[in-house]
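Here is a quick walk through one model, with an eye on rings, helices, strands and cysteines. Have the viewer open while you read.

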Amino acid sequence: MTDLALQIAGSKLAISIVLGGAVWLAARGNERPRLCHALCLTLLAALLVPPLIAVPVLNPAAPAPVSAEAVTFNAVRSAGPLGAAGGAGFTQNGGFRLVLAWILGAVAMVGWTIARARAFRASMERASRGPCPGLQEMAREVGRTLGLKKVPTIQTTDAVVSPMVYWGGGTARVLIPSALVKGMERSRLRWILAHELAHVRRRDHLVRWLEWLACTVFWWNPIAWWTRRRLRAAGEICCDALVVNTFGCAPRDYARSLVRALDLVRTERTSRPPAFASAAHSGRRTRHLEKRLRMIITNRPAGTRSPALRTVLRGGLVVLLAFGFVYCSERTSPTAVEVSGSGTPLLNLTTADLEVSADPHDDSGSTRPGASRGATILSSQWLPPGTIERVLVDQPPPRAR
C-alpha cells in the first residue's frame with residue numbers, strides 16, 4: 001500500500017509539471033485569461049481524479065530470465081544472505097514515513113482551514129449590519145443583466161475587508177464593506193457589485209472548493225499552490241472583462257472604481273479572507289493589480305471562436321484531464337527459469353523467494369552452521385515431468401581434487 005501511494009504521488013507530480021508548463025505558456029502576458037483559467041482548472045481536477053489505470057514501467061535493474069541448465073546452487077547463492085534485505089527494509093520504512101507525513105500534513109491543513117473559517121465567520125457576525133434594501137435592489141438589476149437566475153444575498157459589514165463572494169454551503173453571499181456604501185458614488189458602487197456578481201455567474205465560489213481540496217491533498221506540491229494563484233488571477237481578469245463587455249462601461253471608469261474601492265477599505269490592513277472566499281485584491285499583490293488595471297484599460301472585446309475551435313479546445317482539455325486517471329506502477333520482473341525447448345516457465349520466483357541464510361556448502365564442501373541441507377527451494381510439483389533429473393537441488397558441488 002505504501003508503494004502504491006508513492007507511485008500515485010510521483011505520477012501526480014509528473015502530471016502537474018507537464019500541465020503546469022502549459023499554464024505558464026498560456027499565462028504569459030495575461031493575454032489569454034480564459035484559456036489560462038481553463039488549464040488551471042484542468043490541472044487541479046487532474047490531481048483530484050482517482051488514479052484507476054496503472055501503466056507498468058519496467059525497472060532497468062530487474063534480473064533477466066535464466067535457462068534451466070544454469071540453475072545450480074550458485075543461483076541460490078546470488079540471492080544473498082538475509083542481511084541483504086536491510087536496504088529494502090530501510091526503503092520501505094522511509095516510504096512509510098513519507099506517506100505518514102503526507103497524511104498528517106493534509107489533516108493539519110484541514111484543521112487550519114476550519115479554524116480560519118470559524119474565526120472569520122465569528123468576526124463577520126460581530127460586525128455584520130445585515131442586508132441593505134437599496135443595495136439588494138441594485139444587485140437584482142445587475143444580476144438580471146448578467147443573466148443570473150437567482151441573486152445572492154448582499155450583506156454589509158463594518159469590518160475592514162475587501163468585497164468578496166463567500167460560500168460555505170447553501171446560498172452564496174456577497175459581502176460589501178460599509179465604507180464602500182458610504183464613500184462611493186452609486187454609479188461606481190454598481191461596478192463593484194457587478195464584479196462580485198460576475199464571480200457568482202462564473203461559479204468561482206465552487207472553484208474555491210476545488211482548489212482548496214487540491215492544495216490540501218497535495219500540500220507538498222508547489223505547482224498546485226502556484227496554479228491556485230494563477231487561477232485566481234485569471235478569474236479576476238475574466239470577471240473584469242465580463243463586466244466591461246456586458247455593461248459597455250468605459251474601461252477607465254471601471255478601473256477608477258476598483259482603485260477607489262481598494263483605497264476606501266485600506267487593503268494593506270485587511271484581514272486575510274478564508275480559503276473559500278473570492279476576494280478582491282488584498283494589497284499583497286501590487287504587481288498583479290497593476291497588470292490587472294492595464295488589462296482593463298486596454299480591454300479588447302473577446303473574439304468569438306468558431307464552434308469547431310471550441311469543440312477542439314474542450315476535447316483537448318478532456319484529454320489532459322484523462323491523464324489524471326493514469327499512474328505509473330513498477331513492473332516486476334521475477335527470476336524466471338525456463339525449460340529449454342519448451343518455452344514454458346519452470347519457476348516464477350522473486351528475490352524474496354530465493355533468500356537463504358547461507359549456501360548449504362562452501363567451496364570446501366563443508367556444511368555451514370544453520371544451513372539446511374536438502375532445502376526444497378525447487379519442488380517437484382513445480383517442475384514439468386522429466387526435468388527433475390536435470391535440476392539437482394540436493395546435489396552438492398563436486399569437491400576439488
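What follows is a short report on a few local features of this structure, which is a predicted model.

**Aromatic rings**

A pair of aromatic rings is described by the distance of the centres and the angle of the planes. In this model the count of aromatic pairs is 7. Take W102 and F218: the ring centres are 5.9 Å apart and the planes sit at 45°, so this pair is tilted. W102 belongs to helix 4 (residues 86-127), while F218 is in the loop between helix 8 (204-217) and helix 9 (222-247), so the pair ties together parts that are 116 residues apart in sequence. Both of these residues, W102 and F218, are buried.

F218 also pairs with W220: here the centres are 5.8 Å apart and the planes are at 70°, so this pair is edge-to-face. Put the ring pairs together and W102, F218 and W220 form a cluster. F218 has 3% relative accessibility, so it counts as buried, whereas W220, at 27%, counts as partly exposed.

There is a charge over a ring too: the charged end of R116 sits over the ring of W112, 4.9 Å from the ring centre.

**Two helices and a pair of strands**

Now for helix 7 (residues 186-201). Its 16 residues should span 22 Å at 1.5 Å a residue, and the end C-alpha atoms are 22 Å apart, which agrees. Buried residues in helix 7 include L189, W191, I192, H195, E196 and H199.

Helix 10 (residues 251-264) tells a similar story on length: it has 14 residues and reaches 20 Å from its first C-alpha to its last, close to the 20 Å expected at 1.5 Å a residue. Among its buried residues are Y254, S257, L258 and L262. What do the buried residues of helix 10 pack against? Their partners are helix 6 (178-183), helix 7, helix 9 and helix 11 (286-297).

As for strands, strand 4 (residues 153-157) is mostly covered, with 4 of its 5 residues buried. Strand 4 and strand 6 (residues 173-177) run parallel and are joined by 5 bridges. Within that pairing, I154 of strand 4 stands opposite V174 in strand 6.

**An unusual phi**

Most residues other than glycine have a negative phi, and most peptide bonds are trans. R203 is not a glycine, yet its phi is positive, at about 60°. Where is R203 placed? You'll find R203 in the loop between helix 7 and helix 8. R203 has 54% relative accessibility, so it counts as exposed.

**Cysteines**

A disulfide is a covalent bond between the sulfur atoms of two cysteines. How many disulfides does a search of the whole structure find? The search comes back with 0. The closest cysteine sulfur to that of C36 is in C40, 4.1 Å away, which is too far for a bond. C239 is in no disulfide either: the nearest cysteine sulfur is that of C238, 7.0 Å away.

Both C36 and C239 turn up again in the accessibility values, set out here beside the residues met above.

| Residue | Relative accessibility | Class |
|---|---|---|
| C36 | 2% | buried |
| C239 | 0% | buried |
| F218 | 3% | buried |
| W220 | 27% | partly exposed |
| R203 | 54% | exposed |

Definitions and conventions:
Residues are numbered from 1 along each chain as its sequence is written. This is a predicted model: local features need pLDDT of at least 70, side-chain atom pairs count only at pLDDT 80 or more; totals for chains, interfaces and linings use all residues. Side-chain values use heavy atoms; hydrogens and water are left out. Rings of Phe, Tyr and Trp (its six-membered ring) pair if their centres lie within 6.5 Å; planes under 30 degrees apart count as stacked, over 60 as edge-to-face and the rest as tilted. Buried means under 20% relative accessible area, exposed over 50%, partly exposed in between (1.4 Å probe, protein chains only). A charge sits over a ring if NZ of Lys or CZ of Arg is within 6 Å of the ring centre and within 35 degrees of the ring normal. The expected span of a helix is 1.5 Å times one less than its number of residues. Two strands pair if DSSP finds at least two bridges between them. Contact means heavy atoms within 4.5 Å. A disulfide is a pair of cysteine sulfur atoms within 2.5 Å.
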